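Biologist: I should like to understand how the terms used for a protein model are justified. May I put my questions to you one at a time?

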Amino acid sequence: MDWTAFEVSIKLALLTCLTLLPIGLAIAYLLNKVQFMGRGFVEAIITLPLVLPPTVLGYFLLVGMDNNSIVGGFFVSITGESLAFSFVGLWLASLIYSLPFAVQPMLRAFEQIAPEIREAAWCSGLSKWKTFFKIELPLAWPGIITAMVLSFSHTLGEFGVVLMIGGNIAGETRTLSIAIYDSVLALDHHQAQTMSLLLLAIALVTLTVVYTFNRRHARLVNI
Amino acid sequence: MLKVNISTNAPIKLDVDLLCKDGELLALVGPSGAGKSTVLRCIAGLQTPKKAVIKCQDQLWFDSDNNINKTPQQRRVGMVFQNYALFPHLTVNDNIRLAIEQQQTDQVQRISELLAQVNLTGLGKRYPAQLSGGQQQRVALARALARSPDVLLLDEPFSAVDKVTRRKLYLELNTLRRQLNMPIILVTHDLDEAAMLADTICVIHQGKTLQQGSSEQILYRPNNVTIARQVDVRNLLSADLVKTDGRQTLHWFDYKFNVENAAGFVDNQSIFWTISPSKVLLHQRVRKSKGERENPITATIKDMVTLRGITTVLLNVYNTGDTIIQMDLPEHVAMRNSLKRGETISVSLLADAIHLMLS
């Protein structure tokens, strides 16, 4: 069992889903609220990582993080280190490939709230911020939890993009899924099996918790 | 007092003039799509009309000419939405608490007062999904009143409950409104509901307010035939107004009726007239009365229906082709006079009950 890879995976997944919480909330809220030209295009861009082959996405990210590129060059000028094949690079890539898993459930959750509920809050004297925190956020909560769990699980299990962008540096970019791949190549099936079962257990437990929570919430608010 | 004057083409065409005094319940009546709810949303500040002046209790809420547009939060409206729009994740108590101003110290007492006012004492800890439709409507009403609003707006509040609950809620609203001293606007497409609850009715059609007045005025004395059709006036008939021997008489087929209230009408013109079915006077069949001398007509009973003690009789009037006049009688009067289908009776169309309208 490669505990270092496990630590990298958990750290990456946690950091990614926590960073995606405010980003996803802001994008989902604005997409639901603001009507603008090209909304379909924006939604398509956000959802793109869902349908793009991980190697294609990984390739573009690798090119974008190259030291000669704008983003990569900027990162080098600040930190003196390369963005590609670093944990930070991996984290930025995770934000992009897990973005649709965060935005879509949140967006659906906001869309489900009837406009009259929001208007009733305004007529009750609640400011727009108070309406968001006291009405919209609690009602969208199941969607937000789903978004967090999905982006966590998806980051935990991502393989293709991680391999392309992170390489296989122990303690830095070698995640559990890469370690499993390594173990299989080294014919260490016992280790591969242990780590696969661990990933399976984490995924199953988190999803069960989410579905149970969502069902309870739905019963309460009668959705 | 609430004064509303909207004249706009967007988002829908509106030409609205409303006046609702404190303690008065004004029913805004019209068919679906007439713009009733839009007017309510404009008053609440949920929709912005292009050109309007909305004034409540000496405060200008909206004035397009002077760029005044107060937010819904600033307007102090109590609004009951069609589907109540209760906050589903909050208990009844918390639904109401959110609408009570935070600086108010005795929140718990205020909540229990409001719950008592809408007959919901003891249900404060329930969630909206655990309440019946009628109870949800009461919570919505309590929440709307929690802010001590300057105006109460009710958007088809009875449409989502069954008929039995509706009748109960009518009575409750009738009692509750006597305790309130603010303008109340009720949007409904149900004329009977409006007539039962409202002090004044305003008819709206295709975004235009046609007439505002008491239910008696609107239902029995509409200003013109368009309003009469909107409020589904019975006995809407056409005739000629003719001046003979210095008196204006109504020539309807071969009948010549005396009329009162004909001032303002030009002689010898085609007009519409109506008479309320409850004001068609049956000549008693057992005992003659002097009413028989006033605009008498003879007719055959074509059909009879009795509902809740009122018998509606459809009369086929002699010498008028197939023209039908509707008459409403208390059930016991119909029984006492042994009215039956196919029988011939005579009735009077009282001169002061005949209402004339321009085409």
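Modeller: Let us begin with the contact between the two chains, where the rule finds 1 salt bridge across the interface of chain B and chain A. The model is predicted, so local features need pLDDT of at least 70 and side-chain atom pairs count only at pLDDT 80 or more, while totals for chains, interfaces and linings use all residues. Residues are numbered from 1 along each chain as its sequence is written, chains are lettered from A and ligands numbered from 1 in the order in which they are written, and side-chain values use heavy atoms, with hydrogens and water left out.

Biologist: What makes A:Glu119 and B:Arg41 a salt bridge?

Modeller: The term requires a side-chain nitrogen of Lys or Arg within 4 Å of a carboxyl oxygen of Asp or Glu. The closest N and O atoms of A:Glu119 and B:Arg41 are 2.8 Å apart, and the pair therefore satisfies the definition.

Biologist: Which elements of chain B supply at least two residues each to the side that touches chain A?

Modeller: They are α1 (36-44), α2 (72-75), β7 (77-80) and α3 (92-99) of chain B. Helices (H or I, at least four residues) and strands (E, at least two) are DSSP runs, numbered from the N terminus. By class, this side of chain B has 15 nonpolar, 3 polar and 3 charged residues. Here Ala, Val, Leu, Ile, Met, Phe, Trp, Tyr, Cys and Pro count as nonpolar, Asp, Glu, Lys and Arg as charged, and the others, Gly among them, as polar.

Biologist: How many residues does each chain bring to the contact, and what area is buried?

Modeller: Contact means heavy atoms within 4.5 Å; chain B brings 21 residues and chain A brings 20 residues. Buried area is the accessible area (1.4 Å probe) that two parts lose on being put together, summed over both. For chain B and chain A this area is about 1,800 Å², and carbon and sulfur atoms give 68% of it. B:Gln73, B:His89 and B:Leu98 supply 31% of the area that chain B buries against chain A, more than any other three residues.

Biologist: How is chain A itself built?

Modeller: Chain A has 10 helices and 0 strands. Its C-alpha trace spans about 65 × 40 × 30 Å along its principal axes.

Biologist: Why is the salt bridge of A:Glu111 with A:Arg39 said to tie together separate parts of the sequence?

Modeller: The closest N and O atoms of A:Glu111 and A:Arg39 are 3.6 Å apart. A:Glu111 lies in helix α5 (residues 87-112) of chain A and A:Arg39 in helix α2 (residues 39-51) of chain A, so the pair links parts 72 residues apart in sequence. Over all chains, a search of the whole structure finds 18 salt bridges.

Biologist: How do you know that β15 and β21 of chain B pair?

Modeller: Two strands pair if DSSP finds at least two bridges between them. Strand β15 (residues 269-274) of chain B and β21(B) have 3 bridges in the antiparallel sense, so the requirement is met. B:Trp273, for example, has B:Leu356 in β21(B) as its bridge partner.

Biologist: Why are β14 and β21 of chain B placed at the edges?

Modeller: The open sheet has 5 strands in the order β14-β13-β12-β15-β21 (chain B), with antiparallel pairing. β14 (255-258) and β21 (355-357) of chain B each have a single partner strand, so one side of each is left without a neighbour in the sheet.
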